[in-house]
Amino acid sequence: MNLLTTRYLTVDPVFPDPDVIAQAARMLADGGLVAFPTETVYGLGARADREESVAKIYQAKGRPAHNPLITHVPDVAAARALVGEAWGPLHDQLAEAFWPGPLTLVVPRPAHIPAIVSAGLDALALRVPAHPVATALLRAAGVPVAAPSANRSSQLSPTRAAHVREGLDGRIDVLLDGGSCDVGLESTVLDLTQDPPVILRPGRITLQVLSAIVRDVKSHRALEIPQGISRPSPGLDSKHYAPRAALSVVTRQGLSQALASALRPVGVVTVGPWLAAPADVFLYTLADDAESYARALYETLHALDRKGCKSIVCEAIPEGEHWDAARDRLRRASA
Ligand code: TXA
Ligand code: MG
């Protein structure tokens, strides 16, 4: 593709400058590509109501045409207006409980949203992000914004503007730098077009939390089928979210042995301190609570890639559903 001149605009993550937001919003309204921070990861936005704008997202990312995008709106009222008649009491309850926030709802696709947004499906993924920059941008743009994670296809999602720049410099019009993302892993995707509803991708909003509102909600584990068998949902290919280095996951007991035979340079990511680490590895000790771990995981994998690691050995993370999102991403990164 032809290279663009990417404009880098820094914004305060809490009180974004309205003039800067207005510039980025104008670019969106004019059909351009704007990367922006959300509370989960950085998104790569284009107006969702125009096929030719959305097509640019697929081109910039090198994203396969069968992988649908998430559409973002500033608030629940905008979501309700967009979805129209298909919006029901369950949508209201979920929106009230979790929006703005890291939950994506799959709903019937409204007629005025072009099929390319959903990779041809009749369903649309929709989210109200909880980041002041995202909210301000979406409000100023005044149109729904399709935004996948702002990385090249199948690579790690970005949790900082520098990560976006590494992958997409010269391929997008504007990058809004609003600091680092708080959640650090992508939103929970809940498909409400199936009965019972099913979690397509685990995230910060867990099955147990959703169960308080959605009866019989089905776990993403039902979708964890071996590679090579037919895909349960478009875009949920196993190989995903991967660093350049070969990544493996082993228990604490297996770390030393795995490291002995790992290609150098090698990074090791542990859950809590590991005093027996060899001296010739890049050791990253992540916190042993699920939220801190999630916040730091992509950042750590990006850092190890930057150091030129050929392999990364991750310590297996604890059981329990709070760890589901991180476990899912590690599984995909090592697939
Ligand atoms: O946290 C997030 O969700 C971030 C931020 C930017 O909002 N976005 C994100 O988008 O992770 P992306 O494109 O990297 O992942 C979207 C996933 C797709 O891979 C697909 O599995 C699912 O959402 N998805 C989107 N539309 C769908 C649909 N109509 N039906 C089923 N799954 C869908
Ligand atoms: Mg992605």
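**Trainee and mentor on burial, pairing and packing**

Trainee: What makes Ala-277 count as partly exposed?

Mentor: Its relative accessibility is 23%. Buried would need a value under 20%, and exposed a value over 50%. Ala-277 falls in between, so partly exposed is the label. Keep in mind that this is a predicted model.

Trainee: Where is Ala-277 found?

Mentor: In the loop between strand 12 and strand 13. Ala-277 and Ser-256 are 21 residues apart in sequence, yet their C-alpha atoms are 7.6 Å apart in space.

Trainee: Does His-163 count as buried or exposed, and how do you know?

Mentor: Buried. Its relative accessibility is 4%, and the cut-off is under 20%, so the case is settled. His-163 is found in helix 6. Leaving aside residues up to four places away in sequence, His-163 touches Pro-158, Glu-299, His-302 and Arg-306.

Trainee: Which residues of helix 2 are buried?

Mentor: Helix 2 covers residues 51-61, and its buried residues are Ser-53, Val-54, Ile-57, Tyr-58, Ala-60 and Lys-61. They pack against strand 3 (43-47), strand 7 (145-146) and helix 6 (161-168). After helix 2 comes Gly-62, with a positive phi near 65°.

Trainee: Over to helix 1 and helix 5. Why are they called oblique, or what else would they be?

Mentor: Helix 1 is residues 18-29, helix 5 is residues 132-141, and their axes cross at roughly 55°. Roughly parallel needs an angle under 35 degrees, and roughly perpendicular starts at 65. An angle of roughly 55° fits neither class, so the two helices are oblique to each other. The axes come within 8 Å, and helix 1 passes helix 5 in a right-handed crossing.

Trainee: Which residues make that contact?

Mentor: From helix 1, Ile-21, Ala-24, Ala-25 and Leu-28; from helix 5, Val-133, Ala-136, Leu-137, Ala-140 and Ala-141.

Trainee: And how do those residues divide into nonpolar, polar and charged?

Mentor: Nine nonpolar, no polar and no charged. Ala, Val, Leu and Ile are among the residue types that count as nonpolar, so you can tick them off yourself.

Trainee: How do you know that strand 1 and strand 8 pair?

Mentor: Pairing takes at least two bridges, and strand 1 (residues 7-10) has four with strand 8 (residues 174-177), in the parallel sense. Leu-9, for one, stands opposite Leu-176 in strand 8.

Trainee: How many bridges join strand 2 to strand 8?

Mentor: Two, again in the parallel sense, with strand 2 being residues 34-36. The threshold is at least two, so this counts as a pair. Val-34 has Val-174 in strand 8 as its bridge partner.

Trainee: There is an open sheet with four strands. What makes strand 11 and strand 13 its edges?

Mentor: Each pairs on one side only. The order is 11-14-12-13, with parallel pairing, and strand 11 is 246-250 while strand 13 is 282-286. From one strand to the next, the twist averages 20°.

Trainee: How many bridges link strand 12 and strand 13?

Mentor: Five, parallel, with strand 12 being residues 266-271. Val-268, for instance, has Leu-283 in strand 13 as its bridge partner.

Trainee: What lies across that sheet, and how does it run relative to strand 13?

Mentor: Helix 9 (residues 290-306) lies across strand 11, strand 12, strand 13 and strand 14 (311-315). Its angle to strand 13 is about 170°. Over 145 counts as roughly antiparallel, so that is the word for helix 9 against strand 13.

Definitions and conventions:
Residues are numbered from 1 along each chain as its sequence is written. Chains are lettered from A and ligands numbered from 1 in the order in which they are written. This is a predicted model: local features need pLDDT of at least 70, side-chain atom pairs count only at pLDDT 80 or more; totals for chains, interfaces and linings use all residues. Side-chain values use heavy atoms; hydrogens and water are left out. Axes are lines fitted to C-alpha atoms, for helices over the stretch in contact, and angles run from 0 to 180 degrees between N-to-C directions. Angles under 35 degrees count as roughly parallel, over 145 as roughly antiparallel, 65 to 115 as roughly perpendicular and the rest as oblique. A crossing is left-handed if the near helix is turned anticlockwise from the far one by less than a right angle, and right-handed if clockwise. Contact means heavy atoms within 4.5 Å. Buried means under 20% relative accessible area, exposed over 50%, partly exposed in between (1.4 Å probe, protein chains only).
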